[in-house]
Amino acid sequence: MSMKQNTYAFERRRPPSQGGDLDNMLKAFGSFKLGERLGRGVGGIWIILLLVALLLWLASGIYTVDPSEEAVVRQFGRITTRVRIGPGLHWHWPAPIERVDIVKVLERKRMEVGFRTTGTGLFQTVSTEALMITGDENIVDVEMLVQYEIKDIFQYLFKVYDTGDRERGVGNRPDGVTLKDAAESALRQVVGSRPIDDVLTEKRVEVENETQELLQQLMDNYQTGIKI
């Protein structure tokens, strides 16, 4: 009987709130750890996203140059080296650090003077370009097809400012308005120095060759990088 009373007294002397405080402390500690881990998890996600974005940005600098093409890499708009980049798979620092310009240098392009080829394969005369005065003061209708290639990619890209030719789909390159005006000027100069018979029949090949030479001189003087 006395043992039961002592046990009951011992149990009554235990602080009634001790167990509850300990549980609260454990819960608070657990909550702190959980928040800390959650914070670390969100930060890790952001780091992973940043790494993925960095890898995608670096991957955007991969480019391919075909055998018929050459490329030039510019750093902040300036040419860092005058070495032509040949065929193959290459990499450059993506924008806005570097930019690559790729040009088809072995592709033979064409430009029509005095006429235009329609969608049906027919030819339409452009009188403002075709009508010319010969050396003996006759009016003649002359049409010319200019074929050209890119021989110097640096001159072609950076030496001449040209507004381009939307009709032919040429951007701000010297084979836009510059080539078109120079070709028409060279042809008019040669035709204007010869009689009408030379232009139409007797010395037609000579007129063609002389026009080609004069046009090439103009392209070289303007530093267009174009080979006629």
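User: In this structure, does Glu129 count as buried or exposed, and at what relative accessibility?

Analyst: The model is a predicted one, and in it Glu129 lies in helix H3 (residues 127–130). Buried is taken to mean under 20% relative accessible area. Because Glu129 has a relative accessibility of 8%, Glu129 counts as buried.

User: Which side chain does Glu129 meet in a salt bridge?

Analyst: The partner lies in helix H5, so the pair ties together parts that are 51 residues apart in sequence. This partner is itself buried, with a relative accessible area of 19%. The salt bridge, at 3.5 Å from N to O, joins Glu129 to Lys180.

User: Which residues are joined with Glu129 and Lys180 into one network by salt bridges that share partners?

Analyst: A salt bridge in which the closest N and O atoms are 2.7 Å apart connects Arg116 and Glu167, with Arg116 placed in strand S7 (residues 115–117) and Glu167 in the loop between H4 and H5. The two ends differ in their surroundings, since Arg116 is buried at a relative accessible area of 15%, whereas Glu167 counts as exposed at 52%. The residues that complete the network with Glu129 and Lys180 are Arg116 and Glu167.

User: Where does Glu206, which meets Arg194 in a salt bridge, lie?

Analyst: The salt bridge of Arg194 and Glu206 spans 3.5 Å from N to O. Arg194 counts as buried at 14% relative accessibility, while Glu206 counts as partly exposed at 40%. Arg194 belongs to the loop between H5 and helix H6 (196–200), and Glu206, 12 residues apart from Arg194, lies in helix H7.

User: Which element gives the largest share of the largest nonpolar core?

Analyst: This core holds 31 residues, of which Val146, Leu215 and Ile228 touch the most other members. Elements that give two or more residues to the core include strand S6 (109–113), strand S11 (144–150) and helix H7 (204–221). The largest share, however, amounts to seven residues and comes from helix H5.

User: Leaving aside neighbours within four places in sequence, which residues are in contact with Val146?

Analyst: Val146 is among the residues that touch the most other members of the largest nonpolar core, and strand S11 (144–150) is one of the elements giving two or more residues to that core. With neighbours within four places in sequence left aside, the contacts of Val146 are Lys109, Arg110, Met111, Val113, Ala183, Leu215 and Ile228.

User: Why is strand S2 (residues 69–75) described as largely enclosed by the rest of the structure, and how many of its residues are buried?

Analyst: S2 pairs in the antiparallel sense with strand S5 (residues 98–104) over seven bridges, and with strand S3 (residues 78–79) over two bridges, again in the antiparallel sense. Arg74 stands opposite Arg99 in S5, and the bridge partner of Arg74 in S3 is Ile79. The description as largely enclosed follows because, of the seven residues of S2, the number buried is five.

User: Which residues make the nonpolar surface patch of about 450 Å²?

Analyst: One member of the patch is Leu89, whose place is in strand S4 (residues 88–91). Leu89 is exposed, with a relative accessible area of 64%. Named in full, the residues that make the patch are Ile62, Leu89, Trp91 and Trp93.

Note on methods
Residues are numbered from 1 along each chain as its sequence is written. This is a predicted model: local features need pLDDT of at least 70, side-chain atom pairs count only at pLDDT 80 or more; totals for chains, interfaces and linings use all residues. Side-chain values use heavy atoms; hydrogens and water are left out. A nonpolar core is a set of buried Ala, Val, Leu, Ile, Met, Phe, Trp, Tyr and Cys residues joined through side-chain atoms within 4.5 Å. Buried means under 20% relative accessible area, exposed over 50%, partly exposed in between (1.4 Å probe, protein chains only). Helices (H or I, at least four residues) and strands (E, at least two) are DSSP runs, numbered from the N terminus. Contact means heavy atoms within 4.5 Å. Patches are made of residues with over 30% relative accessible area and no salt bridge: like charges are joined within 9 Å, nonpolar side chains (Val, Leu, Ile, Met, Phe, Trp, Tyr) within 5 Å. Accessible areas come from the Shrake-Rupley method with a 1.4 Å probe; for residues, only the protein chains shown count as cover. A salt bridge is a side-chain nitrogen of Lys or Arg within 4 Å of a carboxyl oxygen of Asp or Glu. Two strands pair if DSSP finds at least two bridges between them.
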